[in-house]
Amino acid sequence: MMKRKLGILLMLALLSPVLLMACGDDEKTETDVVPTFVSSQPADGATDIDINTTQIILTYSDEVNFKTTLNADFNGTACGFSAFARDGKTLTFSIPEPLKKGKTYKLTIPEGFFVSKNGGAAVAEHSVTFSTIAAAEPTITATLVNGNAQAQKVYDYLASQYGQKTISGAMANVSTQVNEANLVYNAVGKYPAIYTIDLIHLQYSWGKSNYDNINTYQTHWQNRGLVAASWHMMVPSSEANASTQDDWSYNTHGFSAKNAIADGTWENAFFKAMLDDGATYLLKYKEAGIPVIFRPLHEASGNYLNGGGDAWFWWGYDGPETYVALWKYMFNYYKDKGLDNLIWVWTAGIDNDITKCDEVWYPGDEYVDIISVDIYNRTYAQCAKMYELLSECWAHKIVTLSECGSVGNISEQLNAGAKWSFFMPWYTYNLTKLEDSEHANTAWWTDAANCANILWRDDLPQW
């Protein structure tokens, strides 16, 4: 009996390390259990989330630690662990940007971003996707600020196509020539729908001949095309130069915008004479029954939003208050002249980071029909972001790309959500081959020609 007891004790002694090791393995397995993602608030797949939501609360099955060498991703923005606040098994993620209506957002946590509290086991990749409350469909202003029946007809067409189709346009080479438009036709077999002229030389005695004959644009109109005009207003740098036509430019500091609308000043006398020259030209189109998409005093704010503090045209040098008064002065002057064939286009400015518009420079809804922007050297994604920003600032107005150059393909812009009313690349001086254009070459125009959502001259109605 004694031998049997000793044998049992010996056996137990031999087995005890194995039992201890087994217990140790069980404890290690429990300690090293991998946490799993349980839920979120907003919940994954949630819709109609308030845009004032500022955080996402994540809940896990066990406590987790951060692995700081990795980043989470929130709609393309890399986010480090500092965006999280930890509280046991619950973590709070601070949304890094204001939410916008009608958008889908996704927070992705890559594998290993979180690890188990003690053992360091990686938590599997997981994500949370939600959508914000839908934006109300904007109601585009229905009536022109000062338009006759024919101008209203054109505007009604622009409004009917807005958000569905984008109208092609080409810029003239300073005068009423249509060199760029013809090169586009030769390259892709389609004429741009809008021809745009710059009135830059209008008040020069030697330049008036460029504007005396509107036959080219009248033929374009009769062939279903639309006519547009912008205006780099050339002014003298001093009163002495007002009559000599020497040292005239659109960026001189010697011509006061504030004085241009003040009776009795030499600047006011010159400004009114310049407006009279413009009215004489624009009235020719009225007499021919042709509306003009009219874009004066463009890009007024210059570097105002980028810390530069300076405009680059004389009409913006005296600041937004004077500029708005100048626009209204011109608008009323032309209204008194009977120019009701104009569709007024105001060109907005956007900061380099594409976060804000120069709304303080806006003349007001009763003086503007269409909002535009000029874009150069930007990707298609940046162009789309600019469109989105402008559409938020002026949701009740048609938004268009009034000038562009060296930008992403128009098809890519449209696919990314930039539903421009129309577009117009700037011209290249003395261009003979479209492939040599510095702003929109053959490849760019070919992309536009192959895009089903672009309208050309032959696609427009007979006016």
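These are my notebook entries on cavities, pockets, rings, cysteines and backbone oddities in a predicted model.

**Entry 1, the cavity**

I started with enclosed space. The search for cavities of 30 Å³ or more gave me 1. I noted about 90 Å³ of space for the largest cavity.

Then I wrote down who lines the largest cavity. From the early part of the list I have Ile 194, Thr 196, Ala 228, Ala 229 and Ser 230. The list goes on with Ile 293, Phe 294, Arg 295, Val 345, Ser 402, Phe 422 and Met 424. I checked which elements give two or more residues to this lining, and they are strand S14 (194–198), strand S15 (226–231) and strand S18 (292–296). Sorted by class, I get 8 nonpolar, 3 polar and 1 charged residues around the largest cavity.

**Entry 2, the largest pocket**

Next I turned to open space. The largest pocket holds about 1,200 Å³. I find 31 residues in its lining, and those nearest the centre are Lys 101, Glu 388, Leu 389, Ser 391 and Glu 392.

Which element gives the most to the lining of the largest pocket? I found that helix H9 (residues 380–393) does, with 9 residues. By class I have 15 nonpolar, 6 polar and 10 charged residues for the largest pocket.

**Entry 3, the second pocket**

For the second largest pocket I have about 330 Å³ of space. Its lining is made of 19 residues, and Gly 302, Trp 312, Ile 350, Asn 352 and Asp 374 sit closest to the centre. Strand S20 (residues 370–378) supplies the largest share of the lining of the second largest pocket, 5 residues. My class tally for the second largest pocket reads 8 nonpolar, 7 polar and 4 charged.

**Entry 4, rings**

I looked up aromatic pairs and got 44 for the structure. I picked out one of them, Phe 74 with Tyr 105, which is stacked, with 5.7 Å centre to centre and 10° between the planes. I traced the two partners along the chain: Phe 74 belongs to strand S5 (residues 72–74) and Tyr 105 to strand S9 (residues 104–109), so the pair links distant parts of the chain, 31 residues apart. I also checked burial, and both Phe 74 and Tyr 105 are buried.

I kept a separate note on a charge over a ring. Arg 457 lies over the face of Tyr 191, and I have 4.2 Å from the ring centre.

**Entry 5, cysteines**

How many disulfides does a search of the whole structure find? I got 0. I went on to Cys 383, which is in no disulfide, and the nearest cysteine sulfur is that of Cys 404, 7.6 Å away. The cut-off for a disulfide is 2.5 Å between sulfur atoms, so a gap like that does not count. Cys 383 counts as buried because its relative accessibility is 0%.

I looked from the other end too. Cys 404 is likewise in no disulfide, with the sulfur of Cys 383 as its nearest, at 7.6 Å. Cys 404 has a relative accessible area of 1%, so I put it down as buried.

**Entry 6, a methionine in a loop**

I found Met 234 in the loop between S15 and strand S16 (235–236). Buried or exposed, I asked myself of Met 234? I have Met 234 as buried, because its relative accessible area is 9%. I also looked up Met 274, which is 40 residues from Met 234 along the chain, and the two C-alpha atoms are 8.9 Å apart.

**Entry 7, backbone**

My last look was at the backbone. Most peptide bonds are trans, and most residues other than glycine have a negative phi, so I searched for exceptions.

I found a cis peptide bond between Gln 41 and Pro 42, with omega at about 5°. Pro 42 is placed in the loop between strand S1 (37–41) and strand S2 (46–49).

For positive phi I noted Leu 297, near 50°. Leu 297 lies in the loop between S18 and helix H8 (320–336). Its relative accessible area is 0%, so Leu 297 is buried. I noted Glu 299 as well, where phi is positive and near 50°. Glu 299 lies in the loop between S18 and H8. At 15% relative accessibility, I count Glu 299 as buried, because the cut-off is under 20%.

Methods:
Residues are numbered from 1 along each chain as its sequence is written. This is a predicted model: local features need pLDDT of at least 70, side-chain atom pairs count only at pLDDT 80 or more; totals for chains, interfaces and linings use all residues. Side-chain values use heavy atoms; hydrogens and water are left out. On a 1 Å grid over the protein atoms alone, a cavity is a set of points where a 1.4 Å probe fits but cannot get out, and a pocket is an open set with protein on both sides within 12 Å along at least five of seven lines; lining residues have an atom within 4 Å of a point. Grid points are joined across faces, edges and corners, and a volume is the space filled by probe spheres set on the points. Helices (H or I, at least four residues) and strands (E, at least two) are DSSP runs, numbered from the N terminus. Ala, Val, Leu, Ile, Met, Phe, Trp, Tyr, Cys and Pro count as nonpolar, Asp, Glu, Lys and Arg as charged, and the others, Gly among them, as polar. Rings of Phe, Tyr and Trp (its six-membered ring) pair if their centres lie within 6.5 Å; planes under 30 degrees apart count as stacked, over 60 as edge-to-face and the rest as tilted. Buried means under 20% relative accessible area, exposed over 50%, partly exposed in between (1.4 Å probe, protein chains only). A charge sits over a ring if NZ of Lys or CZ of Arg is within 6 Å of the ring centre and within 35 degrees of the ring normal.
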